[in-house]
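Please look over the notes below with the structure open beside you. Take them one point at a time.

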2 protein chains.
Amino acid sequence: MKVFFKNDSSVDFCPVRDVFDRIGDKWTVLVMITLDQGESPLRYHELQERIGDVSQKMLTATLKRLQEDGLISRQLYPEIPPRVEYTLTARGKSLLPHLYRLAEWASEHMRDVKKV
Amino acid sequence: MKVFFKNDSSVDFCPVRDVFDRIGDKWTVLVMITLDQGESPLRYHELQERIGDVSQKMLTATLKRLQEDGLISRQLYPEIPPRVEYTLTARGKSLLPHLYRLAEWASEHMRDVKKV
DNA sequence: CCGAATCCCATTGGATACTG
DNA sequence: CAGTATCCAATGGGATTCGG
(Lines give C-alpha, C1' and ligand atoms only; values in the text may rest on other atoms or scores of the structure.)
Protein backbone atom coordinates (compact mmCIF):
# COMPACT_ATOMS: atom_id res chain seq x y z
CA MET A 1 0.00 0.00 0.00
CA LYS A 2 1.12 3.45 -0.92
CA VAL A 3 1.43 6.02 1.82
CA PHE A 4 1.61 9.70 1.14
CA PHE A 5 3.77 12.12 3.06
CA LYS A 6 3.72 15.85 3.29
CA ASN A 7 6.84 16.34 1.21
CA ASP A 8 5.11 14.36 -1.50
CA SER A 9 4.11 17.63 -3.05
CA SER A 10 2.03 16.10 -5.78
CA VAL A 11 -0.69 14.97 -3.41
CA ASP A 12 -2.78 16.86 -0.94
CA PHE A 13 -4.12 13.98 1.03
CA CYS A 14 -2.80 11.21 3.20
CA PRO A 15 -5.22 8.48 4.26
CA VAL A 16 -3.31 7.62 7.37
CA ARG A 17 -3.36 11.15 8.67
CA ASP A 18 -6.92 11.73 7.54
CA VAL A 19 -8.44 8.84 9.38
CA PHE A 20 -6.61 9.44 12.60
CA ASP A 21 -7.33 13.13 12.48
CA ARG A 22 -10.99 12.20 12.34
CA ILE A 23 -11.37 9.32 14.74
CA GLY A 24 -8.28 9.75 16.89
CA ASP A 25 -9.94 12.02 19.40
CA LYS A 26 -11.25 10.97 22.77
CA TRP A 27 -14.86 10.11 22.00
CA THR A 28 -15.57 9.40 18.35
CA VAL A 29 -14.71 5.72 18.31
CA LEU A 30 -16.37 5.16 21.64
CA VAL A 31 -19.63 6.65 20.39
CA MET A 32 -19.57 4.49 17.28
CA ILE A 33 -18.95 1.32 19.22
CA THR A 34 -21.62 2.21 21.74
CA LEU A 35 -24.11 2.65 18.93
CA ASP A 36 -23.03 -0.66 17.49
CA GLN A 37 -23.43 -2.48 20.78
CA GLY A 38 -26.89 -1.05 21.31
CA GLU A 39 -29.28 -3.43 19.58
CA SER A 40 -31.41 -0.52 18.38
CA PRO A 41 -31.07 3.23 17.75
CA LEU A 42 -29.91 5.08 20.83
CA ARG A 43 -31.13 8.35 22.22
CA TYR A 44 -28.85 11.15 23.30
CA HIS A 45 -29.19 10.42 26.97
CA GLU A 46 -28.77 6.69 26.49
CA LEU A 47 -25.46 7.32 24.80
CA GLN A 48 -24.35 9.54 27.64
CA GLU A 49 -25.32 6.94 30.22
CA ARG A 50 -23.68 4.02 28.50
CA ILE A 51 -20.41 5.81 27.89
CA GLY A 52 -20.55 7.05 31.43
CA ASP A 53 -17.98 9.83 31.56
CA VAL A 54 -18.60 12.01 28.54
CA SER A 55 -19.69 15.60 29.01
CA GLN A 56 -22.66 17.06 27.18
CA LYS A 57 -20.46 19.40 25.26
CA MET A 58 -18.22 16.68 23.93
CA LEU A 59 -21.02 14.25 23.20
CA THR A 60 -22.88 16.89 21.22
CA ALA A 61 -19.76 17.92 19.32
CA THR A 62 -18.80 14.33 18.57
CA LEU A 63 -22.27 13.43 17.36
CA LYS A 64 -22.43 16.50 15.16
CA ARG A 65 -19.14 15.74 13.49
CA LEU A 66 -19.94 12.07 13.05
CA GLN A 67 -23.10 13.13 11.32
CA GLU A 68 -21.29 15.61 9.08
CA ASP A 69 -18.93 12.83 8.08
CA GLY A 70 -21.82 10.55 7.22
CA LEU A 71 -20.89 7.96 9.81
CA ILE A 72 -24.05 8.26 11.85
CA SER A 73 -27.54 9.57 11.14
CA ARG A 74 -29.73 11.64 13.39
CA GLN A 75 -33.47 11.26 13.56
CA LEU A 76 -35.46 13.96 15.33
CA TYR A 77 -39.00 13.24 16.50
CA PRO A 78 -40.57 16.64 17.15
CA GLU A 79 -42.57 15.64 20.19
CA ILE A 80 -42.78 17.37 23.52
CA PRO A 81 -40.33 16.72 24.98
CA PRO A 82 -38.28 16.06 21.88
CA ARG A 83 -36.76 12.68 21.13
CA VAL A 84 -33.63 12.15 19.08
CA GLU A 85 -32.26 8.84 17.90
CA TYR A 86 -28.86 8.09 16.50
CA THR A 87 -27.90 5.19 14.23
CA LEU A 88 -24.82 4.14 12.36
CA THR A 89 -24.95 4.66 8.61
CA ALA A 90 -23.71 2.04 6.16
CA ARG A 91 -20.44 3.90 5.97
CA GLY A 92 -20.19 3.96 9.72
CA LYS A 93 -20.83 0.25 9.93
CA SER A 94 -18.15 -0.39 7.34
CA LEU A 95 -15.59 1.18 9.63
CA LEU A 96 -16.47 -0.83 12.71
CA PRO A 97 -14.75 -4.12 11.93
CA HIS A 98 -11.45 -2.29 11.69
CA LEU A 99 -12.02 -0.66 15.05
CA TYR A 100 -12.86 -3.97 16.67
CA ARG A 101 -9.72 -5.53 15.28
CA LEU A 102 -7.71 -2.73 16.78
CA ALA A 103 -9.43 -3.28 20.10
CA GLU A 104 -8.70 -6.99 19.89
CA TRP A 105 -5.08 -6.28 19.21
CA ALA A 106 -5.07 -3.98 22.21
CA SER A 107 -6.48 -6.54 24.59
CA GLU A 108 -3.82 -8.98 23.48
CA HIS A 109 -0.85 -6.62 23.50
CA MET A 110 -1.55 -3.60 25.65
CA ARG A 111 -2.27 -5.29 28.94
CA ASP A 112 1.30 -5.21 30.16
CA VAL A 113 2.09 -2.01 28.33
CA LYS A 114 -0.54 -0.02 30.06
CA LYS A 115 0.81 0.32 33.58
CA VAL A 116 1.18 4.09 33.26
CA MET B 1 -16.68 -8.67 21.15
CA LYS B 2 -17.07 -7.32 24.63
CA VAL B 3 -16.42 -3.64 25.18
CA PHE B 4 -15.84 -2.18 28.59
CA PHE B 5 -17.10 1.15 29.73
CA LYS B 6 -16.18 3.33 32.65
CA ASN B 7 -19.32 2.66 34.61
CA ASP B 8 -18.50 -1.01 34.34
CA SER B 9 -16.96 -0.77 37.76
CA SER B 10 -15.63 -4.30 37.81
CA VAL B 11 -12.97 -3.61 35.20
CA ASP B 12 -10.22 -1.08 35.05
CA PHE B 13 -9.35 -1.32 31.42
CA CYS B 14 -11.00 -0.72 28.09
CA PRO B 15 -9.13 -1.89 24.98
CA VAL B 16 -10.78 0.61 22.73
CA ARG B 17 -9.76 3.54 24.84
CA ASP B 18 -6.35 2.13 25.54
CA VAL B 19 -5.29 1.71 21.97
CA PHE B 20 -6.53 5.09 20.85
CA ASP B 21 -4.99 6.79 23.82
CA ARG B 22 -1.69 5.34 22.71
CA ILE B 23 -1.69 5.68 18.94
CA GLY B 24 -4.32 8.37 18.45
CA ASP B 25 -1.87 11.22 18.66
CA LYS B 26 -0.47 13.13 15.73
CA TRP B 27 2.74 11.22 15.00
CA THR B 28 2.80 7.69 16.43
CA VAL B 29 1.12 5.88 13.57
CA LEU B 30 3.00 7.90 11.01
CA VAL B 31 6.33 6.95 12.53
CA MET B 32 5.40 3.28 12.58
CA ILE B 33 4.30 3.28 8.97
CA THR B 34 7.38 5.20 7.91
CA LEU B 35 9.53 2.58 9.58
CA ASP B 36 7.57 -0.13 7.85
CA GLN B 37 7.92 1.49 4.44
CA GLY B 38 11.66 1.88 4.86
CA GLU B 39 13.19 -1.35 3.64
CA SER B 40 15.77 -1.27 6.41
CA PRO B 41 16.24 0.31 9.86
CA LEU B 42 15.92 4.05 9.74
CA ARG B 43 18.03 6.66 11.47
CA TYR B 44 16.61 9.58 13.40
CA HIS B 45 17.25 12.07 10.64
CA GLU B 46 15.90 9.79 7.95
CA LEU B 47 12.65 9.53 9.83
CA GLN B 48 12.44 13.28 10.14
CA GLU B 49 13.08 13.75 6.43
CA ARG B 50 10.60 11.17 5.27
CA ILE B 51 7.79 12.38 7.46
CA GLY B 52 8.62 15.89 6.41
CA ASP B 53 6.84 18.09 8.91
CA VAL B 54 7.56 16.65 12.32
CA SER B 55 9.50 18.73 14.81
CA GLN B 56 12.52 17.36 16.65
CA LYS B 57 10.70 17.59 19.94
CA MET B 58 7.74 15.55 18.79
CA LEU B 59 9.78 13.01 16.88
CA THR B 60 11.93 12.39 19.93
CA ALA B 61 8.96 12.12 22.24
CA THR B 62 7.10 9.81 19.89
CA LEU B 63 10.09 7.53 19.43
CA LYS B 64 10.69 7.36 23.17
CA ARG B 65 7.14 6.35 23.91
CA LEU B 66 6.99 3.83 21.10
CA GLN B 67 10.09 2.28 22.55
CA GLU B 68 8.64 2.21 26.07
CA ASP B 69 5.59 0.44 24.68
CA GLY B 70 7.75 -2.15 22.98
CA LEU B 71 6.56 -1.22 19.52
CA ILE B 72 9.94 -0.14 18.19
CA SER B 73 13.51 -0.82 19.23
CA ARG B 74 16.39 1.62 19.34
CA GLN B 75 19.93 0.63 18.48
CA LEU B 76 22.71 3.06 19.40
CA TYR B 77 26.10 2.77 17.70
CA PRO B 78 28.49 4.78 19.89
CA GLU B 79 30.55 6.23 17.09
CA ILE B 80 31.56 9.82 16.49
CA PRO B 81 29.23 11.22 15.40
CA PRO B 82 26.73 8.85 16.94
CA ARG B 83 24.39 6.75 14.86
CA VAL B 84 20.98 5.54 16.02
CA GLU B 85 18.75 3.14 14.18
CA TYR B 86 15.09 2.43 14.79
CA THR B 87 13.23 -0.75 13.87
CA LEU B 88 9.78 -2.14 14.46
CA THR B 89 9.59 -4.91 17.01
CA ALA B 90 7.50 -8.03 16.45
CA ARG B 91 4.73 -6.44 18.48
CA GLY B 92 4.98 -3.30 16.41
CA LYS B 93 4.77 -5.28 13.20
CA SER B 94 1.72 -7.11 14.49
CA LEU B 95 -0.12 -3.82 14.75
CA LEU B 96 0.64 -2.60 11.25
CA PRO B 97 -1.88 -4.63 9.24
CA HIS B 98 -4.66 -3.07 11.26
CA LEU B 99 -3.33 0.40 10.59
CA TYR B 100 -3.08 -0.25 6.87
CA ARG B 101 -6.63 -1.50 6.79
CA LEU B 102 -7.77 1.69 8.44
CA ALA B 103 -5.82 3.68 5.88
CA GLU B 104 -7.40 1.69 3.08
CA TRP B 105 -10.81 2.34 4.50
CA ALA B 106 -9.94 6.02 4.65
CA SER B 107 -8.88 6.26 1.03
CA GLU B 108 -12.14 4.65 0.02
CA HIS B 109 -14.46 6.60 2.28
CA MET B 110 -12.84 9.83 3.44
CA ARG B 111 -12.13 11.41 0.09
CA ASP B 112 -15.38 13.29 -0.10
CA VAL B 113 -15.65 13.71 3.63
CA LYS B 114 -12.41 15.53 3.94
CA LYS B 115 -13.20 18.90 2.45
CA VAL B 116 -12.80 20.70 5.75
C1' DC C 1 -35.08 16.10 26.72
C1' DC C 2 -31.63 17.79 23.81
C1' DG C 3 -28.79 20.58 23.24
C1' DA C 4 -26.06 25.78 22.74
C1' DA C 5 -23.02 29.21 24.82
C1' DT C 6 -19.54 30.64 27.75
C1' DC C 7 -15.60 30.28 30.70
C1' DC C 8 -11.52 28.18 31.96
C1' DC C 9 -7.83 24.88 32.57
C1' DA C 10 -4.67 21.11 30.99
C1' DT C 11 -2.37 19.09 27.45
C1' DT C 12 -0.37 18.96 22.79
C1' DG C 13 2.66 20.45 19.86
C1' DG C 14 5.71 24.07 17.23
C1' DA C 15 9.98 27.31 17.07
C1' DT C 16 14.18 28.17 18.58
C1' DA C 17 18.50 27.71 20.86
C1' DC C 18 21.80 24.74 23.00
C1' DT C 19 24.73 20.12 24.06
C1' DG C 20 27.67 15.56 24.01
C1' DC D 1 24.17 13.39 14.41
C1' DA D 2 20.90 12.87 17.66
C1' DG D 3 19.03 14.63 20.72
C1' DT D 4 17.60 18.51 25.37
C1' DA D 5 15.65 22.56 27.19
C1' DT D 6 12.70 26.38 27.21
C1' DC D 7 9.15 29.23 25.93
C1' DC D 8 4.83 29.95 23.80
C1' DA D 9 0.50 29.32 20.86
C1' DA D 10 -3.19 26.43 19.73
C1' DT D 11 -6.30 22.97 20.68
C1' DG D 12 -9.12 19.73 23.45
C1' DG D 13 -12.10 19.07 26.72
C1' DG D 14 -14.63 19.76 31.52
C1' DA D 15 -18.02 22.58 34.43
C1' DT D 16 -21.56 25.45 34.45
C1' DT D 17 -25.32 28.08 32.88
C1' DC D 18 -29.04 29.05 29.64
C1' DG D 19 -32.70 28.07 25.86
C1' DG D 20 -36.64 25.73 22.82
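The points below cover the two copies, the sheet of one chain, and the DNA.

1. Status of the model. Keep in mind that this is a predicted model. Every value here should be read in that light.

2. How the copies are related. Start with the pair of chains. A rotation of 180° brings chain B onto chain A, with an RMSD of 0.0 Å. The shift along the rotation axis is 0.0 Å. The two copies are therefore related as by a two-fold rotation axis. To find that axis in chain B, go to Gly24(B): its C-alpha is the nearest one in the chain, 2.2 Å from the axis.

3. How the copies meet. Which surface does each copy use? Of the interface residues of chain B, 100% are also interface residues in chain A, so the copies meet through the same surface.

4. The sheet in chain B. Next, trace the strands. Chain B has an open sheet of 3 strands, in the order S1-S3-S2, and the pairing is antiparallel. Strands S1 (42–43) and S2 (72–77) of chain B are the edge strands, each pairing on one side only. S1(B) and S3(B), residues 83–88, are joined by 2 bridges in the antiparallel sense. Here is a pair to locate: Arg43(B) has Glu85(B) in S3(B) as its bridge partner.

5. A helix on the sheet. Now add helix H2 of chain B, residues 28–37. This helix packs on the sheet and touches S1, S2 and S3 of chain B. The direction of H2(B) makes about 95° with that of S3(B).

6. Who surrounds the DNA. Turn to DNA strand D. There are 18 residues around this strand. Those that come nearest are Lys57(A), Met58(A), Arg43(B), Arg74(B) and Tyr86(B). Arg43(B) thus appears twice in this note: it is a bridge partner in the sheet and comes near the DNA. Look at the DNA side as well. Of the atoms of strand D within 4 Å of the protein, sugar and phosphate account for 56%.

7. Polar contacts with the DNA. Three parts of strand D are worth checking.
   - Base: a side-chain N or O atom of Gln56(B) is 3.0 Å from a base nitrogen.
   - Sugar or linking oxygen: a backbone N or O atom of Pro82(B) lies 3.4 Å from one.
   - Phosphate: a polar side-chain atom of Tyr86(B) lies 2.5 Å from a phosphate oxygen.

8. The surface near the DNA. Which elements give two or more residues to the surface near strand D? They are helix H4 (56–68) of chain A, and helix H3 (44–51), helix H4 (56–68) and S3 of chain B. By residue type, this surface has 8 nonpolar, 4 polar and 6 charged residues.

Definitions and conventions. Residues are numbered from 1 along each chain as its sequence is written. Chains are lettered from A and ligands numbered from 1 in the order in which they are written. This is a predicted model: local features need pLDDT of at least 70, side-chain atom pairs count only at pLDDT 80 or more; totals for chains, interfaces and linings use all residues. Side-chain values use heavy atoms; hydrogens and water are left out. Copies are superposed by least squares on the C-alpha atoms of residues with pLDDT of at least 70 in both. Contact means heavy atoms within 4.5 Å. Two strands pair if DSSP finds at least two bridges between them. Helices (H or I, at least four residues) and strands (E, at least two) are DSSP runs, numbered from the N terminus. Axes are lines fitted to C-alpha atoms, for helices over the stretch in contact, and angles run from 0 to 180 degrees between N-to-C directions. A residue is near a molecule or strand if one of its heavy atoms lies within 4 Å of it. A polar contact is a pair of N or O atoms within 3.5 Å; within protein, one must be able to donate a hydrogen and the other to accept it, and residues adjacent in sequence count only if both atoms are side-chain atoms. Ala, Val, Leu, Ile, Met, Phe, Trp, Tyr, Cys and Pro count as nonpolar, Asp, Glu, Lys and Arg as charged, and the others, Gly among them, as polar.
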